[in-house]
2 protein chains.
Amino acid sequence: MQLKSLRLFMAVAETGSFVTAANQLHTVQSNVTAHIKKLEDELGVQLIQRAGRVRPTSAGLALVEYAERMLTAHDEAVSLFRGQEKACGRLRIGAMETTTAVRLPPILAAYHAAQPDVDIQIKTGPTAELVELLLDGQVDCVFVAGRLEHSRYHLLKAFSEQLVLVGSTPMTTMPSSQELLTSAFLAFRQGCSYRQRIELLLASHGVNAGRIFEFGSLDAMLGCVAAGMGYTVLPRGTVEAHQHRFGIHTLELPASIANVDTYFAAFEPETWTPALASFAETLREAVAIDEPQLTAS
Amino acid sequence: MQLKSLRLFMAVAETGSFVTAANQLHTVQSNVTAHIKKLEDELGVQLIQRAGRVRPTSAGLALVEYAERMLTAHDEAVSLFRGQEKACGRLRIGAMETTTAVRLPPILAAYHAAQPDVDIQIKTGPTAELVELLLDGQVDCVFVAGRLEHSRYHLLKAFSEQLVLVGSTPMTTMPSSQELLTSAFLAFRQGCSYRQRIELLLASHGVNAGRIFEFGSLDAMLGCVAAGMGYTVLPRGTVEAHQHRFGIHTLELPASIANVDTYFAAFEPETWTPALASFAETLREAVAIDEPQLTAS
DNA sequence: GTCAGGCTATCTCAAAAAAAGATAGTAACG
DNA sequence: CGTTACTATCTTTTTTTGAGATAGCCTGAC
């Protein structure tokens, strides 16, 4: 059974004429006859009544419903990829908690304005999990900290973050080693790339990895820092966005530890749906506006 | 886009291998490559990631959903016509009020037992309307009074009815012409074939068509007859089935007027769905049991 | 690092199928 | 009774498909 045959069948059923159907679909009458005959042979039933009026038989009418479902699905699939201008379908994005909270909202808003027919789904998690999701095909693209070493990725430096130490009291210098040793550190669950920065930081002060508490959400983590439970390390933008809600204080860290780039990663552009391609374009534009000196070079 | 290509695509997406997919669908690997390549060219997107692991890309995963819808619809359509043993789908029957009430129930019960997967829909109406429904393709078959003169019908004499005069008082002879003239006659709405029998009856007693009231349902009609509103003409079996509920009385009519055959009518058997073919078979069997003398001849 | 094994892309040829045109037969209409 | 419009059938040409053979590539093991 071929979709082409079903198209012709539907045209005959609707127009009541083989000739008209042939013209509508830019072919000749003999081909319409042949296609319908083949359909009838395959199904073992007469689908079109030719004697007198040309109209679908009972069996033909029964087939119409299924043919419509097949052709509708086909047309939707085609418009998914070949839809001119407007993308449609679904876009699944994986991003870190901090990126989702601070960086994504304006970009998603711009994207949704440009492509209102795309359903957007966000999955959050630490970098390592996001990479797994991408490899698994559970998301179409991810925002991760640091370059992905894996080949065959399309990478775009999306955001530059500056990590700061976050604590419950004002700081002008790094806490003493003694203080660091006795304090707890709060981080996202295993796989969070910021977590290794914490360990780097501790190591640079001659302190072995102390107690590290894992958190699932940014709010919970900041709440506990504010309550004096310990320190954490987060992008400056993220902290600033929440600073009015929590009594927290920050301290700048040395550049070698502080600077982290967030990359947009997906597979090769040839594998992108129009929805994803359009998102990458939106992102490129947003990045260009944020960092004009980079695009000028 | 061809369903065959989608089948191969789905097999590749599921098995992660061109070779395995080829074997599953009884073809060779080079054909799988060609079909998928053609799909990719048509949609302008890479659907399968070949480098390293063979797996669907984002675009491929998006297509999977639509491919499933198309293939499922296809398989269902095929099983509609080529389903071995069990028919499925829908059977739309048109029948007269009286036939539906008395004759159809046992046949439908037998049919449903034989073909539990078929949805049965009954439309009731007078003979003339039923013929229209059949011609319009709104039902698959009808039960009508009298042979359909139209050619190209498949006809089967289903039931022989004997019409009786129904009134509110016991009768031993035909009411007088005077009585008939002053009485009302109750019939189904325009198009009911029994209605012409009433007019025949009146004419044979030298009475021109008097007042005829139209009713939409059997119950309403019998209720009004019992209340002394007038006479009606109905199959004996129908009246007997309702006699315990209404105070009504019958009188046999001369055979020329009384005998009416109910025919099963549909288009040629080649146009039948398996559901309809099976119903015709059930009906033939039921008729053979009711009238063994006919099948013996 | 090299080699073997398994996998996919590509090329080629034969077979099959589809498209288009021409023609004949048939039903409807005036 | 002839005309017209329609579909079925036949034929030819073109396109597509299927299958085999081969080359190239990646992976994993030694």
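Student: What makes up the surface near DNA strand C, in terms of helices?

Tutor: Helix α3 (29–43) of chain A, with α2 (18–24) and α3 (29–43) of chain B, each supply at least two residues of that surface. Helices here are DSSP runs (H or I, at least four residues), numbered from the N terminus. The model is predicted, so local features need pLDDT of at least 70 and side-chain atom pairs count only at pLDDT 80 or more, while totals for chains, interfaces and linings use all residues. Residues are numbered from 1 along each chain as written, chains are lettered from A and ligands numbered from 1 in the order written, and side-chain values use heavy atoms, with hydrogens and water left out.

Student: Which residues come nearest to DNA strand C?

Tutor: Asn31(A), His35(A), Phe18(B), Gln29(B) and Arg50(B), out of 18 residues around the strand. A residue is near if one of its heavy atoms lies within 4 Å. By class, the surface near strand C has four nonpolar, ten polar and four charged residues. Nonpolar means Ala, Val, Leu, Ile, Met, Phe, Trp, Tyr, Cys and Pro; charged means Asp, Glu, Lys and Arg; the others, Gly among them, are polar. Of the atoms of strand C within 4 Å of the protein, 57% belong to sugar or phosphate and the rest to bases.

Student: What makes the approach of Thr27(A) to DNA strand C a polar contact?

Tutor: A polar contact is a pair of N or O atoms within 3.5 Å. A polar side-chain atom of Thr27(A) lies 3.0 Å from a phosphate oxygen of strand C, so the pair meets the cut-off. Thr33(B) has a polar side-chain atom 2.9 Å from a phosphate oxygen of strand C. Phe18(B) uses a polar backbone atom, 2.6 Å from a phosphate oxygen of that strand.

Student: Which atoms of DNA strand D does Gln29(A) approach, and at what distance?

Tutor: An N or O atom in the side chain of Gln29(A) is 2.8 Å from a base nitrogen of strand D. Gln2(B), by contrast, has a polar side-chain atom 2.6 Å from a phosphate oxygen of strand D, and Lys38(B) has one 3.2 Å from a phosphate oxygen there.

Student: Why is the pairing of α4(A) with α4(B) called roughly antiparallel?

Tutor: Helix α4 (residues 58–82) of chain A and its counterpart in chain B pack at about 170°, with axes 9 Å apart. Angles over 145 degrees count as roughly antiparallel, so α4(A) and α4(B) qualify. The residues of this contact divide into 18 nonpolar, two polar and four charged. Among them are Leu63, Tyr66, Met70 and Phe81 of both chains; contact means heavy atoms within 4.5 Å.

Student: Why are α1(B) and α3(B) called roughly perpendicular?

Tutor: The axes of α1 (residues 3–15) of chain B and α3(B) cross at roughly 105° and come within 9 Å. The perpendicular range is 65 to 115 degrees, and the two helices are therefore roughly perpendicular. Residues in this contact include Leu6(B), Phe9(B) and Val12(B) from α1(B), and Val32(B), Ile36(B) and Leu39(B) from α3(B).

Student: How do you know what kind of axis relates the two copies?

Tutor: Chain A is laid on chain B, with an RMSD of 0.1 Å, by a turn of 180° and a shift of 0.0 Å along the axis. The copies are thus related as by a two-fold rotation axis. Superposition is by least squares on C-alpha atoms of residues with pLDDT of at least 70 in both. Of the residues of chain A, Met70(A) comes closest to the axis, at 2.3 Å (C-alpha).

Note on methods
Axes fitted to C-alpha atoms, helices over the stretch in contact; angles between N-to-C directions. Parallel < 35°, antiparallel > 145°, perpendicular 65-115°, else oblique. Polar contact = N/O pair within 3.5 Å; in protein donor to acceptor, adjacent residues only side chain to side chain.
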